[in-house]
Structure formats: structure tokens, C-alpha cells
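Colleague: Could you walk me through the spaces in this protein and how you tell them apart?
Modeller: Gladly, let's look at it together.

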Amino acid sequence: MSTWGRFFSMETSLRYRKNSLWMDGVSLRAIARAVGTPAYVYSARLVRERFLRFDRELRGCERLICYAMKANSNRALCGLLADLGAGAEVVSGGELRRALAAGFEARRVVFSGVGKTEEEIRRALRARILSIHLESAEEMARVAAVARGGRGPADISIRVNPGIEAGAHPHVATGRSGDKFGVPVTQAIEMYRRAFKDRRLRPVGIHCHLGSQITRVEPYARALRVISGILARIKTWGRRLDFVDLGGGMGIACGKNKIAGRRGTLLPRGARPGQELPLESLAENIREFARAWPRTKIILEPGRYLVADAGVLLTSVLYRKRMEGRTFAVVDAGMNDLARPALYGAAHPIAPASRPGRRRVALDVAGPVCESADVFGRRYRLPQPSPGEIWAILEAGAYGFSMSSQYNSRPRAAEILVEGGEFRVVRRRESWEDLVRLEKRYGEEK
Ligand code: LLP
């Protein structure tokens, strides 16, 4: 563990000290002063600890943790996980390139997604990744066709849709019947039957992903039973698979106060903190499964679990605005920077970067984007801010920057990595030139 690691709690990177909010020994106000806002700030230490904890829970099983890069594909962050021995789960040619550039070993990369193009398939085969996870019979035919004439068969898995309701937000539930992902069990068996006979294909695993922010173990246990059934069927053909990939979706304790030594809610009114998925119990189910299928490796694809709590989005208060019994605080981060509240109604905790006094007021926190959905939450209990004050929007390390856009022609935020008591910019803030770089002026097309 690093020197800083000894001083800070395992659960969080944040604490108030000398009237400021600090992340692992670095003042967030100092970062905001140096790089401006909005800015994403990540704790390298917390990412590392979350990964090591995840890995430790699964001790005793042969395992590979493939970080779901869609959660946050910043190269520095990915490189840190690659150094720890993580693999990567990618869903596009772009993520595949990022994964390889960040240092993930190709033989630790799996590629999912319902709509891989021929070009993406070709790149995956050329890179010799661990598995292309197939999501339809037509895709299997396409992969076989691309693999023909290549250097040996394509390593594939089939993504099964087990028809399980995992309790995730409907936008991110993926394992129910009717969802576009994977294929139903009978179709999966039929596809394996054909794949084992096809010299262009080598079935190496089976894949299943139920959804995101899942907080109960039972859906995973059910999925393992469905997978066992398929493995048993495959066994009757005298065949076997090298691994079972149970996907990601491991939920975090959303909205729980994660500032060291602090109690009380940082959430808007009406929002309740959630429970983390009990990892030990998931691991117990996996170990039991592994006892039944001893030569089968387990892959998991956590995204949010590893990075969400490690990141905050720093924003400055621009204005206060009182009307009809409400007070708005207008901040300089918007739904283009962090889309989750507008998209899923997600409630992110907000903490002032200066140590708050006792007096709080009810504030609706809104961004500058021209949409009524650009509100982080209603009635946060926050100290009355003055313009220029810095706030940290918490739990923003996953699906924050990676889902951000330039909507309203807003340059994307800077990304900062905090490590060893220092910070460094790992993606600079976009500039005006970045906004227009790919465009031509009217009349300038030729
Ligand atoms: N594996 C596959 C095949 C996935 O589709 C996903 C996420 C993951 C792994 C990682 O899931 P995680 O462990 O992060 O829950 N934008 C949404 C979440 C979308 C998740 C999509 N798939 C949000 O901000 O809540």
C-alpha cells in the first residue's frame, strides 16, 4: 500500500481538513483553482483498492476481472487497472483500440455488443483477443466468414439472455426476455452445436450480463443455474468451455455519505441511499459453481463497482436564483458533463469543497444546458453558496465523463488523476478549436 493509503480510509478518498474537502491529500479547491471547472477528479488509490478488494473476494477461484471500459475509458485510469492484472471488456472498435493502447493484454480482452461491424470483428481477430462475445446467429455467421482465411479459428463465446429480472433501472436492464441483448437459452444451445462443428470457430466461453447497479445476489445465482444447464448440455456432446463470463452490474452503495467522519445525507430530498451488492455472497455462489465446474475459469466485468466512488465532478456555483418558493443554484456543470440525473433520474450526492457550517438551505441544483432535464436534483440541503464556490458532485467516476458530450457546444471537462498526494491532468479540457476542428465553414467544403 502507498504511503497515502495508510492515512486514508479504505472506503473513501474524501475528507474535510483545514476547512476544505480533500481527496487523498490533495485539496479539491486547489485543483479547481489550477485547472478550472467543470473537472472530473479521480482517486487512483481508491480505484486500486476497489479492484484489489474485488479480486480478493474471489480468491480460491480461477478468475479474470475484465474491467468494463464503458464506465470510464480514460487511458490513465485503464492503464492503472491493466497494471494490476485486470483484463478489459470492450463494446466497440474504439474501446478495443483504447484497451490495447492503455496496456491491457489482448488475451485478457473480451468484446461484447449487439452490433459489431465487420471492421470491428476484423480488428478483434487480428488483435487475437480472448473472446468475441456473440449476440446473434447472424453475427456468428459474420464472424465465421471474417475468420475464414485468417490465422486459425475465431475464439468465441455466446451471450445468453437468461430472461432474468435483476432489479436494475429499466434503461440498463439487459437480461430480461425482450431485451435486445444475447440470445435465449435454446437458441444459444443450437448456436453452440453449430459452432463446435464449424472449423472457423472455436467456442471458448459463455457470456451473460444481467444489467447494471444490481444490489441483490439472487439474480446472479439464477444466472449461474441457467449457465450450468447449458454447460451440462455441452458436456453431453463431449465438449467443454474454458470460461464462464458472468458480466458486470455489481451495484455500489449509491448516495451513502462517503466523506470520512461525516454523517447525514448529501442527497436531494426524497432520495435514499442504496445498498452495495454483497460481494462476499456473490463470491460464495461463484465458488460453489466453480466446485461443480472445476476446470472452468470465471470472468467478471465490473465497471461501476471499480470506478464510480473514485470520481467526483467539480463544479462552480454561477448564480443563485429565487422564485416561487424555490431557490436554484445554477452551476457550471451540466447534463452534457454528467448525463445520469437527466437520463436515469440518478441522484448524485453533492458536497461543498469548503467545510460546511451548520446552516443549510434547500437548493435545486441546475446546470446551464437548455433543457429542463438539466437539473442534478431538487432540494439538496446545502450551505447557502456564494457565486464562485466549488462543489463536488460525488459518485461520478463511472458513466460520467464517458457519457459526456459537447451538447450546447460545451467543451468536455478536464480529467485529473490524484495519486501519491499529487494531481495531474490526464485529459485536458477541450478548447474552442476542439469544438470546430472537424467542421468546415459554409463555402469552404472543397
Ligand atoms: N458488461 C456488459 C456487457 C455491459 O453491458 C456492462 C454495462 C457492464 C459489463 C458493466 O456494468 P457495471 O458493472 O458498470 O454496472 N450508463 C448507465 C450504465 C449502463 C451500463 C451498460 N452496460 C449508468 O450510468 O448507470
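**Pockets, ligand and cavities**

Modeller: In the second largest pocket, H6 gives the largest share of the lining, four residues. Before going on: this is a predicted model, where local features need pLDDT of at least 70, side-chain atom pairs count only at pLDDT 80 or more, and totals for chains, interfaces and linings use all residues. Residues are numbered from 1 along each chain as its sequence is written, and side-chain values use heavy atoms, with hydrogens and water left out.

Colleague: What makes H6 a helix?

Modeller: Helices are DSSP runs of H or I with at least four residues, strands are runs of E with at least two, and both are numbered from the N terminus. Helix H6 (118-127), helix H7 (137-147) and strand S9 (154-159) each give two or more residues to that lining.

Colleague: And what makes a space a pocket and not a cavity?

Modeller: We use a 1 Å grid over the protein atoms alone. A cavity is a set of points where a 1.4 Å probe fits but cannot get out, while a pocket is an open set with protein on both sides within 12 Å along at least five of seven lines; lining residues have an atom within 4 Å of a point. The search of the whole structure finds three cavities of 30 Å³ or more.

Colleague: How much space lies in the largest cavity?

Modeller: About 60 Å³. Volume here is the space filled by probe spheres set on the points, which are joined across faces, edges and corners. Among the residues lining the largest cavity are Glu 11, Lys 258 and Asp 309.

Colleague: Why do you say that the second largest cavity lies between domain 1 and domain 2?

Modeller: Because domain 1 (3-43 + 309-436) and domain 2 (45-306) both give residues to its lining, the second largest cavity lies between them. The domain bounds come from an automatic or database domain assignment. Its lining includes Ile 252, Arg 304 and Arg 340.

Colleague: Which residues are the closest to the ligand?

Modeller: Ser 212, Glu 301, Arg 340, Tyr 344 and Tyr 399 are the closest of the 21 that surround it; a residue counts as near if one of its heavy atoms lies within 4 Å.

Colleague: What makes the approach of Gly 249 to the ligand a polar contact?

Modeller: A polar backbone atom of Gly 249 is 2.8 Å from an oxygen atom of the ligand. A polar contact is a pair of N or O atoms within 3.5 Å, so this pair qualifies.

How values were computed
A polar contact is a pair of N or O atoms within 3.5 Å; within protein, one must be able to donate a hydrogen and the other to accept it, and residues adjacent in sequence count only if both atoms are side-chain atoms.
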